[in-house]
Amino acid sequence: WEVVMPCLRLQKRLAAEVLKCGKKRIYMDPNESGEIALANSRKNIRKLFKDGLIMKRMVTVHSRSRHLRMLAQKRKGRHTGRGKRKGTKNARMPVKLLWMRRLRILRRLLKRYREAGKVDKHLYHHFYNAAKGNQFKNKFVLVEAIHKMKNEQKREKELKEQQEARRAKNAAAKERKLKKKELLIEASKQAILFLPQLLTSHFTTIYKQVGRLEITTQ
C-alpha cells in the first residue's frame with residue numbers, strides 16, 4: 001500500500017508569516033510531517049520552529065564577483081568597443097553633464113581663491129563671467145589666466161607709480177626753475193633801481209683820480 005504525505009500548505013503559509021519570509025525559504029522536516037500536519041495555529045508553528053522541525057533557509061546568494069570583475073576591466077578600457085555600446089554618445093555621457101561638472105570645478109576654485117584673498121571681487125566677477133562664457137578648458141588654464149592678469153595688474157601699477165614719481169620730479173624741477181627765474185628777475189629789478197647811484201659813484205671816483213693825475217703832472 002502507498003504512503004500518502006499530508007498536505008502542509010497551511011503550515012507553510014503560517015510559518016512564512018511567523019518567520020517573516022517567503023514560502024520558498026521554509027524548510028519542513030519530511031520525517032516529522034505527521035507532527036507538523038497537526039500544527040494548525042501560529043503558536044504551534046513557533047513551538048515547532050523552536051524544536052527545529054521547521055527552519056528558515058538562508059537567502060540565495062547572487063554573487064557579484066563576475067560583475068565586479070567586468071567593471072574593473074571596463075575601467076581599464078576593455079569591453080567598450082563599438083559592439084558593446086548601446087545608445088548614442090550624448091546618451092551615454094551627456095554634454096550637459098560634462099559642462100556642469102567643469103563649471104562647478106571652476107566656480108569652486110574661484111570661490112576658494114576669493115575666500116583666501118588671492119583674488120578681489122573685481123577679478124572674481126571677471127573670471128566668473130569668463131568661465132560661464134567657456135573660455136577655460138580646465139582649472140589649470142584658469143589658474144594660469146589668473147596669475148597672468150595679476151602680473152599684468154602689478155606691472156601696470158608699478159608703471160603708474162613710476163609715472164607719478166616722474167611727474168612729481170618734473171613738477172618739482174619746474175617749480176625750482178620758476179623760483180630761480182623769479183629770483184633773477186627780482187635781482188635784475190634791484191640792479192636797475194641801484195644803477196644810477198652806482199654810475200654816479202663810479203664817475204666821481206674817476207674824476208677824483210683824473211684830478212690827482214693833473215696835480216701830479218703840474
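This text goes through one helix and then the salt bridges of a predicted model.

Helix α7 covers residues 121–132. With 12 residues at 1.5 Å a residue, α7 should span 16 Å, and its end C-alpha atoms are indeed 16 Å apart, so the expected and computed lengths agree. The buried residues of this helix are Leu123, Tyr124, Phe127, Ala130 and Ala131. These buried residues cover an arc of only 135° around the axis, and therefore they lie on the same side of α7. The other side of α7 carries exposed residues, namely Lys121, His122, His125 and Lys132. Just after the helix comes Asn134, which takes a positive phi of about 65°.

The next topic is charge pairing. Side chains of opposite charge can pair when their charged atoms come close. Searching the whole structure gives four salt bridges. The cut-off applied is a side-chain nitrogen of Lys or Arg within 4 Å of a carboxyl oxygen of Asp or Glu.

One of the salt bridges joins Arg13 and Glu17, with 3.2 Å between the closest N and O atoms. Both residues belong to helix α1 (residues 9–19), and because they are four residues apart there, about one helical turn separates them. Arg13 has a relative accessibility of 37%, so it counts as partly exposed. Glu17 is also partly exposed, as its relative accessible area is 39%.

Glu17 has a further partner: its side chain meets that of Arg42 in a salt bridge, at 2.4 Å from N to O. Glu17 lies in helix α1 and Arg42 in helix α3 (residues 42–51), so this pair ties together parts that are 25 residues apart in sequence. Arg42 counts as partly exposed because its relative accessibility is 39%. What do Arg13, Glu17 and Arg42 form when they are linked? The three residues make up a network of salt bridges. Within this network, Glu17 pairs with Arg13 and with Arg42.

Another salt bridge is found in helix α8, which covers residues 139–217. Here the side chains of Arg167 and Glu164 meet, with an N to O distance of 3.0 Å. Why are Arg167 and Glu164 separated by about one helical turn? They are three residues apart in α8, which accounts for that separation. Arg167 has a relative accessible area of 43% and is therefore partly exposed. Glu164, at 44%, is likewise partly exposed.

Key: Residues numbered from 1 in each chain as written. Predicted model: local features only at pLDDT ≥ 70, side-chain atom pairs only at ≥ 80, totals over all residues. Heavy atoms only, no water. Helix = DSSP H or I, 4+ residues; strand = E, 2+ residues; numbered from the N terminus. Expected span 1.5 Å × (residues − 1). Buried < 20%, exposed > 50% of the residue type's maximum accessible area, 1.4 Å probe, protein only. Arc of directions from axis to C-beta.
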